[in-house]
Amino acid sequence: MIKDLALTQRIGHHHALGTAITLQIYGMKDDYVINKSFELIDHYEDLLTVNRDVSEVMDVNHAAGKEAVQVTPGTYGLIKLAVEKSRENFGFNALIGPVVKLWHIGFKGAHVPTDDQIKEKMALIDPANATLNDQDQTVFLTKKGMELDLGGIAKGWIADRIKDYWLACGVKSGIINLGGNILLVGDSPKRPSGNWAIGVQDPKASRGGNITSVMVQECSAVTSGTYERYLVVDGKKYHHLIDPRTGYPVQTDLAGVTTFTKKSVDAEIECKRLFFAGHPIPGWHDNVNRIGAVFVYADEHVEYDNFGDR
């Protein structure tokens, strides 16, 4: 059975969500499910993107300081989760867009803003100024200039929706890869144990070059790191992960952290929590939905949380 699954696989490639997407399903002989999955991804991008002028999230942003906007149930649920996690103040903030745009790291026009410019934009990122109405499913950003951006959480949420679809279609085993955000479905058909091998990026190597790997069962793996987008000014390096508590790139010895959780949206959130902490958090993996984490530091030493002695 394992051999049969491994031999009959379908792989599809797509570009959406600003990244390269690869879907791989074992045990299926046609591309119907993969093609429908790409349609679903495009649909969710249409609802959630802030890289176009029209989407449900952009409707909320355009109405900032004016009025509440009603959105569809899926969008509302994701916005609510993003705002709730932003209010925990551990580093993740779905309203940090105005500050990130000020730096513009990784894009043309990137620069180091002044303290006054940062303070001005910091007044627009307080998640307490996002008003949610569960009954009407409306979202109101109470200050003009506020912006909601679900980019730090949307890929994980979409991956979870694709997995839901796959399970409804009877998929037994596969890999959802949304630009490096990995969600594993079922058991690996390549090993009797059912475990999957997941590589952890070497921050000093090109993409796909691993510094280590771990064996895991069905889960999601997501990485936050400083090494892909950064700005160098007068010999000083500024990476793109802005701390919403300061308005500046977070100060850390970490190059990156990869989290392994049951749901992909949780992996998105938790890799931010651990990255901003800068080190393992005691008791973090006591939560049954959190499997473990791998920390890679700037000096290239590696630390494992809940993966045993290495």
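**Exercise 1. Determine which residue meets Arg52 in a salt bridge, and whether each partner is buried or exposed.**

Solution. In this predicted model, the side chains of Arg52 and Glu45 form a salt bridge, with N to O at 3.5 Å. The cut-off for such a pair is 4 Å, and the distance of 3.5 Å satisfies it. Next, consider accessibility. Arg52 has a relative accessibility of 37% and therefore counts as partly exposed. Glu45, with a relative accessible area of 14%, is buried. The underlying principle is that side chains of opposite charge can pair when their charged atoms come close.

**Exercise 2. Locate the partners of the salt bridge between Asp134 and Lys80, and state how far apart they are in the chain.**

Solution. The closest N and O atoms of Asp134 and Lys80 are 2.8 Å apart. Asp134 belongs to the loop between strand S4 (130-133) and strand S5 (138-141), whereas Lys80 belongs to helix H4. The two residues are 54 residues apart, and the pair thus links distant parts of the chain. As to accessibility, Asp134 is partly exposed at 45%, and Lys80 is partly exposed at 26%.

**Exercise 3. Carry out the corresponding analysis for Glu218 and Lys163.**

Solution. The side chains of Glu218 and Lys163 meet in a salt bridge of 3.1 Å, N to O. Glu218 is placed in the loop between strand S9 (210-216) and S10, and Lys163 in helix H7, so the pair ties together parts that are 55 residues apart in sequence. Glu218 is partly exposed, at 33% relative accessible area. Lys163 counts as buried, because its relative accessibility is 13% and the limit for burial is under 20%.

**Exercise 4. Test whether the span of helix H7 agrees with its number of residues, and describe its surroundings.**

Solution. Helix H7 has 15 residues, which at 1.5 Å a residue should span 21 Å. The C-alpha atoms at its ends are 21 Å apart, in agreement with that expectation. Eleven of the 15 residues are buried, so H7 is largely enclosed by the rest of the structure. Among the buried residues are Trp157, Ile158, Tyr165 and Trp166, as well as Lys163. The buried residues pack against several elements, including strand S2 (19-26), helix H2 (32-48), H4 and H8. After H7 comes Gly170, with a positive phi near 85 degrees.

**Exercise 5. Apply the test to helix H8, and identify residues of H8 that take part in a salt-bridge network.**

Solution. Helix H8 (residues 264-277) contains 14 residues and should span 20 Å; its end C-alpha atoms are 20 Å apart, which agrees. Twelve of these 14 residues are buried, so H8 is largely enclosed by the rest of the structure. The cover over the buried residues includes helix H4 (73-86), helix H7 (154-168) and strand S14 (290-297). Glu270 and Arg273 are among the buried residues of H8. These two also belong to a network of salt bridges with Lys85, Glu88 and Arg290. The structure holds 14 salt bridges. H8 is followed by Gly278, whose phi is positive, near 85 degrees.

**Exercise 6. State where Leu17 and Asp234 lie, and what is notable about phi in each.**

Solution. Most residues other than glycine have a negative phi. Leu17, in the loop between strand S1 (9-16) and S2, has a positive phi near 60 degrees. Asp234, in the loop between strand S11 (230-233) and strand S12 (236-239), has a positive phi near 50 degrees. Asp234 counts as exposed, because its relative accessibility is 80%.

Technical notes
Residues are numbered from 1 along each chain as its sequence is written. This is a predicted model: local features need pLDDT of at least 70, side-chain atom pairs count only at pLDDT 80 or more; totals for chains, interfaces and linings use all residues. Side-chain values use heavy atoms; hydrogens and water are left out. Helices (H or I, at least four residues) and strands (E, at least two) are DSSP runs, numbered from the N terminus. The expected span of a helix is 1.5 Å times one less than its number of residues. Buried means under 20% relative accessible area, exposed over 50%, partly exposed in between (1.4 Å probe, protein chains only). Contact means heavy atoms within 4.5 Å.
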